[in-house]
Amino acid sequence: MELSENIQMNLAELKSIVFGKKQVDIEPTVQHKIQESFRFLENFIHDKVIYGVNTGFGPMAQYRIGEKDRKQLQYNLIRSHATGVGQPLSLEMVRAAVLARFNTLSLGYSGVHPSVLDLMKTMLNRSIYPVIFSHGGVGASGDLVQLAHLALAMIGEGEVWYKGERHPTEIVFREEKIEPLKIYIREGLSIMNGTSVMAGIGLVNIYYAEKLMRLSCVASSMINELVCSYDDHFSVELNAAKLHKGQRYIAKQMRNFLQDSSLIRSRKEYLYKAAKEEIFKEKVQEYYSLRCVPQILGPVQEMIWSAEQTIEKEINSASDNPIVDLASKQVYHGGNFHGDYIAFEMDKLKLGITKLCMLAERQLNYLLNSKINELLPPFVNSGKLGFNFGMQGAQFTATSTTAENQTLSTSMYIHSIPNNNDNQDVVSMGANAALLCNQVIENSFEVLSVHFMTIVQAIEVRGCLEQINPNSKKIFDSIRKIFPATQQDVVLYPYIKEVKDFLKSNNF
């Protein structure tokens, strides 16, 4: 049997719904497939042992459940597993998780009643999101605990976010005239048993990781321009000598950004000529944090591309158990709910973003350390040395936050702890991996906020504002609207937050 990849909703479509609030719809062909899958399972279960339909769950699957108790079994599962604690997930994460569950159930492999998709569609389109907590999932039977909070809201219980506030679901459904979900066969298990929360968080992580990559490339280009670097380290020729796609891509982005720069120097004009000095006044090569940007950010870019492919495939996969296969007219038991693909990818992604953050911190240190750059006053201080402090205090924040990222980058993927009476003896910790990756991303925006503030200060102090290229000038003007030039010391933390919000909400 030849297997094919059926991408029902690509990454661009997923992002447009999660971040652009595009409305969700159900195509007639999908509705027909869902109805057909439900009817097949309804007929198939008679006189057969089907996990989660007429058996208990997990290690209690050895217990048969009588027909009169089957529907109540699903309610019991939902209520008993809604045990999440910690901070609620962001609305973006929850919207992405609900969309991911909506998409995977719409593939027709779950045998759910069509009303499940109808209710999810209504909740998404009316911006009614279940309150889902950060702690609870081990990523083995999928995001069991966290998705239980989605199922809990769908049966009209628990809590939801509505018009920006947290309310009991029952009140919101009554106001919106929404009927809670009714159980028919295995709707509780099908909603709960899958990787949609970790995949949804992963989608959010990718969206912001892409922004960080663009920002890092912009900052790296601006700092090279600011200090009048040579052009050959991001040249076509040098980077063509290495076969990595990511490296070549980053070098190209730098060339595009700096194409109209009058400050970037041509090596052949400055150094490829007869020189009489025994000791050169200017450095022959820049520090690695300036010169090796394509080599450092290239692998990170490739990690983001890899994560994009994995998340897209996972959200377009059937990740519950058992699987209803209409083609063979069979029900298959297995472990598609296991979150290893997401966990592994999120661990790799946070390593890459931590390295990106470390690069920004080293570039920041280069600007702030006058002994290294030999161009700028200490801490890019435009006031009185010794009396004023410039960006000195902000460096502590950037250094501390970078150190936290380094610690957070320890792998979750390899930290399996058996549980569930050892039924789940190997787990993925996928949701934890995705959440830690998200924290690394948030931290990195903070570091880059300090970095951009310092870059614009350095441009001002050097007096090269009229010489920088139009792309750099555009960024300079945007940051200066938030963080004004000043010689006297001011309280910086409100500016850092505002710049962070600006960087997160804009595309460069």
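Okay, so let's start with the two domains: their C-alpha centres sit 39 Å apart. The split itself, which comes from an automatic or database domain assignment, puts 11-193 in domain 1 and 203-317 + 338-505 in domain 2. Before I go on, this is a predicted model, so local features need pLDDT of at least 70 and side-chain atom pairs count only at pLDDT 80 or more, while totals for chains, interfaces and linings use all residues. Residues are numbered from 1 along each chain as its sequence is written, and side-chain values use heavy atoms, with hydrogens and water left out.

Back to those domains. Their contact, meaning heavy atoms within 4.5 Å, takes 24 residues from domain 1 and 28 residues from domain 2. The buried area, that is, the accessible area (1.4 Å probe) that two parts lose on being put together, summed over both, comes to about 2100 Å² here, and carbon and sulfur atoms give 64% of that. On the domain 1 side, Leu11, Phe19 and Val138 supply 27% of the area buried against domain 2, more than any other three residues.

How many salt bridges does the rule find across this interface? Just 1. The rule asks for a side-chain nitrogen of Lys or Arg within 4 Å of a carboxyl oxygen of Asp or Glu. One pair that passes is Lys15 with Glu210, where the closest N and O atoms are 2.8 Å apart. Lys15 also turns up, along with Phe19, as a contact of Tyr207 once you leave aside neighbours within four places in sequence. Tyr207 sits in helix α9 (residues 196-226); helices here are DSSP runs (H or I, at least four residues), strands are E runs of at least two, and both are numbered from the N terminus.

Over the whole structure, the search finds 18 salt bridges. Among them is Glu157 with Arg79, closest N and O atoms 2.6 Å apart. That pair links distant parts of the chain, 78 residues apart: Glu157 is in the loop between α6 (144-154) and β4 (159-162), and Arg79 is in helix α3 (residues 70-81).

Now a helix pair. α18 (residues 430-462) and α19 (residues 470-482) pack at about 110 degrees, axes 10 Å apart. The axes are lines fitted to C-alpha atoms over the stretch in contact, with angles from 0 to 180 degrees between N-to-C directions. With 65 to 115 degrees counting as roughly perpendicular, α18 and α19 are therefore roughly perpendicular to each other. Residues making the contact include Phe452 and Met453 of α18 and Ile475 and Phe476 of α19.

Last, some backbone oddities. Most residues other than glycine have a negative phi, and most peptide bonds are trans. Asp47, in the loop between α2 (28-44) and α3, has a positive phi near 65 degrees. And Asn321 and Pro322 are joined by a cis peptide bond, omega about -5 degrees, with Pro322 in the loop between α14 (293-315) and β6 (323-325).

Notes:
Parallel < 35°, antiparallel > 145°, perpendicular 65-115°, else oblique.
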